[in-house]
Amino acid sequence: MPRKQWRFWFAFNKDGSIVVNWRRKKYKVDEIICNTPTQSFTRRKYPHCCMKGYASSIDFKYKNAIITVIIKE
């Protein structure tokens, strides 16, 4: 039986930061490794251009003060 898929989206802010939204929570990260198909969409609020997709899980890796999120299908 396949695992349940959840909607995620991420965007780049003006200050150069990356925000990943996953299950109604926002996570500020430094890098993204996305192993699932994504599509772009436009929001009326800032950030206007975002990427969204479905994933079964996301993992965080911390190394040398850099936060990397790994998005899995």
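Here a student and a tutor talk through how some terms apply to this predicted model.

Tutor: Welcome! Residues are numbered from 1 along each chain as its sequence is written. This is a predicted model, where local features need pLDDT of at least 70, side-chain atom pairs count only at pLDDT 80 or more, and totals for chains, interfaces and linings use all residues, while side-chain values use heavy atoms, with hydrogens and water left out.

Student: What makes the contact of Lys 72 and Asp 59 a salt bridge?

Tutor: The term asks for a side-chain nitrogen of Lys or Arg within 4 Å of a carboxyl oxygen of Asp or Glu. The side chains of Lys 72 and Asp 59 meet at 2.7 Å, N to O, so the pair fits the definition. The structure holds one salt bridge.

Student: Which parts of the chain does the pair tie together?

Tutor: Lys 72 lies in strand 8 (residues 66–72) and Asp 59 in strand 7 (residues 57–63), so the pair links parts 13 residues apart in sequence. Strands here are DSSP runs (E, at least two residues), as helices are (H or I, at least four), numbered from the N terminus.

Student: Why are Lys 72 and Asp 59 called partly exposed?

Tutor: Buried means under 20% relative accessible area, exposed over 50%, and partly exposed in between (1.4 Å probe, protein chains only). Lys 72 has 36% relative accessibility, so the middle class applies. Asp 59, at 30%, is partly exposed too.

Student: And what makes Thr 42 count as exposed?

Tutor: Thr 42 has a relative accessible area of 69%, so the label is exposed. This residue lies in strand 5 (residues 38–42).

Student: How do you know that strand 7 and strand 8 pair?

Tutor: Two strands pair if DSSP finds at least two bridges between them. Strand 7 and strand 8 have seven bridges, in the antiparallel sense, so the condition is met. For example, Phe 60 stands opposite Val 69 in strand 8.

Student: What is the order of the open sheet of three strands?

Tutor: The order is 4-8-7, with mixed pairing. Strand 4 (31–34) and strand 7 stand at the edges, each with a single partner strand, so one side of each has no neighbour in the sheet. From one strand to the next, the twist averages 20 degrees. Angles run from 0 to 180 degrees between N-to-C directions, and axes are lines fitted to C-alpha atoms, for helices over the stretch in contact.

Student: How many bridges pair strand 5 and strand 6?

Tutor: Strand 5 and strand 6 (residues 49–55) pair in the antiparallel sense over five bridges. One bridge joins Phe 41 to Cys 50 in strand 6. The two strands form a hairpin, with six residues between them.

Student: What is special to look at in that loop?

Tutor: Pro 47 sits in the loop between strand 5 and strand 6. A cis peptide bond joins Tyr 46 and Pro 47, with omega about 0 degrees.

Student: Which phi values in the loop between strand 7 and strand 8 are positive?

Tutor: Asn 64 and Ala 65 are both found there. Phi is near 50 degrees for Asn 64 and near 65 degrees for Ala 65, each a positive value in a residue other than glycine.

Student: Why do Asn 64 and Ala 65 count as exposed?

Tutor: Asn 64 has 69% relative accessibility, so the exposed class applies. Ala 65, at 77%, is likewise exposed.
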